[in-house]
Amino acid sequence: MTKARRRSYGVKGAPYAFLLPATVLFALFFALPIGYALWLSLHKVQVSGLGLGAGARKEVWAGLGNYTDALTDSELLSGALRVVGYGAIVIPVMLGLALLFALMLDTDRVRLAPFTRLAIFLPYAIPGVVAALLWGFLYLPDVSPFYFILDKLGMPQPDLLDGGPLYIALSNIAVWGGTGFNMIVIYTSLRAIPAEVYEAAKLDGATPLQVALRIKIPMVAPSLVLTFFFSIIATLQVFSEPTTLKPLTNSVSTTWSPLMKVYQDAFGKGDIYSAAAEAALIAVVTLLLSFGFLRAANSRNKQEEAR
C-alpha cells in the first residue's frame, strides 16, 4: 500500500476516530441502561414454595404483564394526576415570570442589568435538594421566621405543607429555581433581534408596550416553545422537591409523583421489574407529549409562514 493510499484511509477514518469516544460513552451510559431496563420490564420473579433455598426464586418471562399492572395501579395514576395539577401551576407561572423578566431586562431604562440578570439566574445554580431544604425550613411553622413575623402581627399562619397549599409550596420551589434559566434563554433571543426592527417601530409611533406585545414576544416564540418543552419534561420528572419535603409533612406520600413510585418499588419493595415497566411508561408518555407539542408548534409556524 502506497503512502498516498494510507494517508487517504487515515483522512477518511479520522471522523470516526473522533466519534468513537462519544459513541462508546453513549452506548455504555445511555443505550445499554435503557436496553437493560426494557429487558427487566419484560420479566418478573417467580417464587416457589416459601421462597427459601436455592432455585426457590427465579427470573421468568412476564411479557407485558408488568405494563398492565402499572397501567392499572391506582397509586401510579394518582401520582400522575398530582403531577398534572403541579404542572398546571408551575409551567405558566414560571414561563410568565421568565418572559416578564426578560422583557424588563431588554429595555433601555433598566439599571444594573448585569447584576439583575445574575440575581435572577442565581437560584438555578443552587441544587434542587438544597433549595427544597431551604424552602422547607421556611415552610415549617416552628422555625420559619415568616411565621414568627405573622404571629407577632396577629395575622393567620397558613400551613403550606398540608392539603391544597402543598401544591403551592412545591410549585414555588420549582418556579424559584427554574425561572432564571428560562429567562436567560428568552433574553438571549431578545438580544438577537435586529435594532432596525425597534427603530422602525418607534418611527411608526409604537409604545414600549406595543413593541413588546407585537414584536418582541412573536419573535421569541421559538424560545418560548423550547422553554415550554423543557418545562414539560422537568414537570413529569419531578422527584427531588417532594422527596426532600416528605420528612417534614405527612401529606407527601412515598408515591406522591410517578418517579417517587418508581423509586419506592425499586428500592423500597425491591421489585425492580415493576419499577422498570413504570419508568418505561413515564418515558413513553414524556416522549409522546413532547413530540405532540413540537409537532403542533411546527405546524403552527408553517401556517404562519404560509400567510
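The exercises below work through helix packing, nonpolar cores and two single residues in this structure.

The model is a predicted one, in which local features need pLDDT of at least 70 and side-chain atom pairs count only at pLDDT 80 or more, while totals for chains, interfaces and linings use all residues. Residues are numbered from 1 along each chain as its sequence is written, and side-chain values use heavy atoms, with hydrogens and water left out.

**Exercise 1. Describe the largest nonpolar core and name the helices that supply at least two residues of it each.**

Step 1. A nonpolar core is a set of buried Ala, Val, Leu, Ile, Met, Phe, Trp, Tyr and Cys residues joined through side-chain atoms within 4.5 Å, where buried means under 20% relative accessible area, exposed over 50% and partly exposed in between, with a 1.4 Å probe and protein chains only.

Step 2. The largest such core has 24 residues, and those with the most contacts inside it are Tyr 86, Val 90, Tyr 139, Leu 166, Leu 170, Ile 173 and Trp 256. At least two of its residues come from each of the helices H3 (74–105), H5 (128–139), H7 (165–191) and H10 (221–236); helices (H or I, at least four residues) and strands (E, at least two) are DSSP runs, numbered from the N terminus.

Step 3. Another core, of 17 residues, lies apart from this one and includes Leu 99, Ala 102, Leu 103 and Leu 105.

Step 4. Contact means heavy atoms within 4.5 Å, and Leu 170, leaving aside its neighbours within four places in sequence, is in contact with Tyr 86, Glu 241, Pro 242, Leu 245 and Trp 256.

**Exercise 2. Work out how H3 is oriented relative to H10, and which residues meet.**

Step 1. Axes are lines fitted to C-alpha atoms, for helices over the stretch in contact, and angles run from 0 to 180 degrees between N-to-C directions. The axes of H3 and H10 come within 10 Å and cross at roughly 150 degrees.

Step 2. H3 is therefore roughly antiparallel to H10, given that angles under 35 degrees count as roughly parallel, over 145 as roughly antiparallel, 65 to 115 as roughly perpendicular and the rest as oblique.

Step 3. From H3, Val 83, Tyr 86, Gly 87, Ile 91, Met 94, Leu 95 and Leu 99 meet Leu 224, Thr 227, Phe 228, Ser 231, Ile 232, Thr 235 and Leu 236 of H10.

**Exercise 3. Classify the orientation of H5 relative to H7 and list the residues that make their contact.**

Step 1. The axes of H5 and H7 come within 10 Å and cross at roughly 135 degrees, which means that H5 is oblique to H7.

Step 2. On the side of H5 the contact is made by Ala 131, Ala 132, Trp 135 and Tyr 139, and on the side of H7 by Ala 169, Asn 172, Ile 173 and Trp 176.

**Exercise 4. Place Leu 236 and Ala 266, and decide whether Ala 266 is buried or exposed.**

Step 1. Leu 236 belongs to helix H10 and, neighbours within four places in sequence left aside, is in contact with Val 83, Ile 282, Thr 286 and Leu 289.

Step 2. Ala 266 lies in helix H12 (residues 258–268), and its relative accessible area of 15% makes Ala 266 buried.

Step 3. With neighbours within four places in sequence again left aside, Ala 266 is in contact with Asp 271, Ile 272 and Ala 275. Ala 266 and Ala 276 are 10 residues apart in sequence and 8.0 Å apart in space, C-alpha to C-alpha.
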